[in-house]
Amino acid sequence: MAEAQEQKSSPSPLEIIIIGAGLSGLSAAVSCALAGHNVLVLEGARELAEIGAGLQITPNASKIFQHFDIYDALASKAAEPSFLQVRRYSDGKILSRTDDFNGDMRQKYGAPFWDLHRVDVQRTLAERAKELGAKLRLGARVADLDFRKPSVKLETGEELHADLVVAADGLWSKCRERFLATKGTADHPLPTGDLAYRIVLKLDEVDDPELRDWISKPSCQFWIGPGSHVVAYSLRDGQMFNMVLLVPDDLPGDVARQPGSLDEMRALFATWDPVLNRFLDQVKSVDKWKLMHRPELDHWISDKSTFCFLGDSCHPMLPYLAQGANSSIEDGAVLGNVLGALQSKNQLPEALRLYECLRKKRGEAIVRETFAQRRDFHLHDGPEQQKRDELMLSRLGREIDCKFPSRWQCPEVQPWLYGYDAFEETASALRDSPLRTGATASL
Ligand SMILES: Cc1cc2nc3c(=O)[nH]c(=O)nc-3n(C[C@H](O)[C@H](O)[C@H](O)COP(=O)(O)OP(=O)(O)OC[C@H]3O[C@@H](n4cnc5c(N)ncnc54)[C@H](O)[C@@H]3O)c2cc1C
């Protein structure tokens, strides 16, 4: 297991404002506070509420939790899947299965694959950030930014100054809008063409003994079908079950989220595996979320190096590899680690360039991989789907030793996703090219 990081005292502490207390912002808050900087997180919402249900936390992020010293606090809330399985949509036929999935993950990557409730992760990160001295202001919505000073203006008119402003304000980022405006451009969240029905079932509300067995014995289950797929896994040590149904988007263009109709949802899956339908019969309410992405940005840092992006504000993706939050947590960890090497404020531009260099390429590569996963999971019945299924079936009960349609198990993709060590990556980059002591303040 990786060692918990000791809090440093920086020779040149920065005043850092982080906009957004989602997982990217809070990861950056913990990491920057560990590096000895003074952190203020501004969050528009009035509370850290139970939005968004389950999260798959893969070893690249659970390793960071070890460094952040929140591993034990989260372990008791996690469910660790003992196997991962991919089924054909219509009859539930098993196309692929990795037994002892949790053991395999720990053995390969030195950290677990966990299924957690998003709010458990968010609150644990927030508590740790506060314990390290970071300040968190809820109900503080940022209305504008000045990238030169830098400063931020709240909706109340209050203006706050810092050495560094970090945009962690998610897909609908106000910071991104303002940043692009300084360059005379604009972009908007784009529909991916898919939407998600998000469902959480509680064990004590389910009577069916077979379904109770699925919920209380954690696993990670996929059903893949034409233009759609379903992922389901247990949370909170098998007391809850999280299901996400990914289907073609039929929401109006201007609607990002709305309550879904149970009849409509069940009709979409009426011809799918009966056991899946028994789960859907248990659902009492459901929300539909439009899945959006955005074009790649030219830069994740400002010209004067007083501002940077992280998380969904700069690399929103399809949730098909469960990497949106994991890669956002990586962003935060790397940012703090790079800033931990500062000897003087003059080195900030160089440090931020290193952050961008370490993170942008990877974040954007993961985005592209999520679209590739959609292509392989959503094939319509026909020759391509048959070829895919034959390949998957040919490795059932055997080692997967080739490029594999399920990237969750693929020996080419899984290692670069889950094997990434944010701490080692930063340490090695800083060993190869330490921040120069005579660095100048502007680019
Ligand atoms: C269906 C679905 C399933 C998913 N499953 C997974 C998964 O299993 N694993 C995974 O890793 N990822 C998953 N994701 C992706 C993941 O949820 C996101 O990528 C991740 O939460 C992004 O974190 P963030 O902090 O960048 O943004 P957000 O979580 O959006 O946080 C942004 C924060 O900024 C605040 N904010 C916004 N504007 C302002 C402002 N002007 N002033 C102050 N505060 C502001 C918001 O209130 C919010 O708290 C899933 C996504 C979806 C849609």
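Visitor: In which strand is Glu-159 found?
Guide: Glu-159 is found in strand β10, residues 159-161. Before we go on, keep in mind that this is a predicted model.

Visitor: Why is Glu-159 called partly exposed?
Guide: Its relative accessible area is 35%. Buried would need a value under 20%, and exposed one over 50%. Glu-159 has 35%, so it counts as partly exposed. While we're here, the C-alpha atoms of Glu-159 and Asp-144 are separated by 9.3 Å, and these two residues are 15 apart along the chain.

Visitor: Thr-271 next. What makes it count as buried or exposed?
Guide: Thr-271 has 59% relative accessibility. The cut-off for exposed is over 50%, so Thr-271 counts as exposed. You'll find Thr-271 in the loop between α8 (262-268) and α9 (274-281).

Visitor: How many residues along the chain lie between the positions of Thr-271 and Tyr-89, and what separates their C-alpha atoms?
Guide: They are 182 residues apart along the chain, yet their C-alpha atoms are separated by 8.3 Å.

Visitor: On to the ligand. How many residues surround it, and which are the closest?
Guide: There are 31 residues around the ligand, and the closest are Ser-24, Glu-43, Gln-56, Arg-118 and Ala-325.

Visitor: What makes the pair between Arg-118 and the ligand a polar contact?
Guide: An N or O atom in the side chain of Arg-118 is 2.8 Å from an oxygen atom of the ligand. A polar contact needs N or O atoms within 3.5 Å, so the pair at 2.8 Å qualifies. Asp-312 offers another case, with a polar side-chain atom 2.8 Å from an oxygen atom of the ligand. At Gly-324, a polar backbone atom is 3.5 Å from a ligand oxygen.

Visitor: How much of the ligand's accessible area does the protein cover?
Guide: The protein covers 85% of the 1,000 Å² that the ligand has on its own.

Visitor: Which elements give two or more residues to the shell around the ligand?
Guide: Those are α1 (23-34), β3 (54-57), β12 (190-202) and α10 (324-339). The one that gives the most is α10, with four residues.

Visitor: What classes of residue does that shell have?
Guide: The shell has 14 nonpolar, 11 polar and six charged residues. It also draws at least three residues from each of domain 1 (15-189 + 294-432) and domain 2 (190-293).

Visitor: How many disulfides does the structure hold?
Guide: Zero.

Visitor: Why is Cys-220 not bonded to Cys-410?
Guide: A disulfide needs two cysteine sulfur atoms within 2.5 Å. The sulfur of Cys-220 is 16 Å from the one in Cys-410, its closest cysteine sulfur, so the pair is too far apart for a bond. Cys-402 is in no disulfide either, and its nearest cysteine sulfur, that of Cys-410, is 7.6 Å away.

Visitor: How do you know whether Cys-220 and Cys-402 are buried or exposed?
Guide: Cys-220 has 0% relative accessibility, and Cys-402 has 17%. The limit for buried is under 20%, so both count as buried.

Visitor: What joins the side chains of Gln-409 and Ser-96?
Guide: A polar contact of 2.8 Å joins them. Gln-409 is in the loop between α12 (383-394) and α13 (414-418), whereas Ser-96 is in strand β5 (residues 94-99).

Visitor: Why is Gln-409 called buried?
Guide: Its relative accessible area is 6%, which is under 20%, so Gln-409 is buried. Ser-96 passes that test too, with 2%.

Visitor: What kind of peptide bond joins Lys-149 and Pro-150?
Guide: A cis peptide bond, with omega about -15°. Pro-150 has its place in the loop between β8 (142-146) and β9 (151-154).

Visitor: What is the phi of Asp-69?
Guide: Asp-69 has a positive phi of about 65°, although it is not a glycine. Asp-69 sits in the loop between α2 (59-68) and α3 (71-75). Its relative accessible area is 48%; that is not over 50%, so Asp-69 is partly exposed.

Visitor: And is Ser-305 buried or exposed?
Guide: Ser-305 has 1% relative accessibility, under the 20% limit, so it counts as buried. Its phi is near 55°, a positive value in a residue other than glycine. Look for Ser-305 in the loop between β17 (287-293) and β18 (307-309).

How values were computed: Residues numbered from 1 in each chain as written. Predicted model: local features only at pLDDT ≥ 70, side-chain atom pairs only at ≥ 80, totals over all residues. Heavy atoms only, no water. Near = heavy atom within 4 Å. Polar contact = N/O pair within 3.5 Å; in protein donor to acceptor, adjacent residues only side chain to side chain. Areas by Shrake-Rupley, 256 points an atom, 1.4 Å probe, with all protein chains shown as cover. Nonpolar A, V, L, I, M, F, W, Y, C, P; charged D, E, K, R; others polar. Domains from an automatic or database assignment. Buried < 20%, exposed > 50% of the residue type's maximum accessible area, 1.4 Å probe, protein only.
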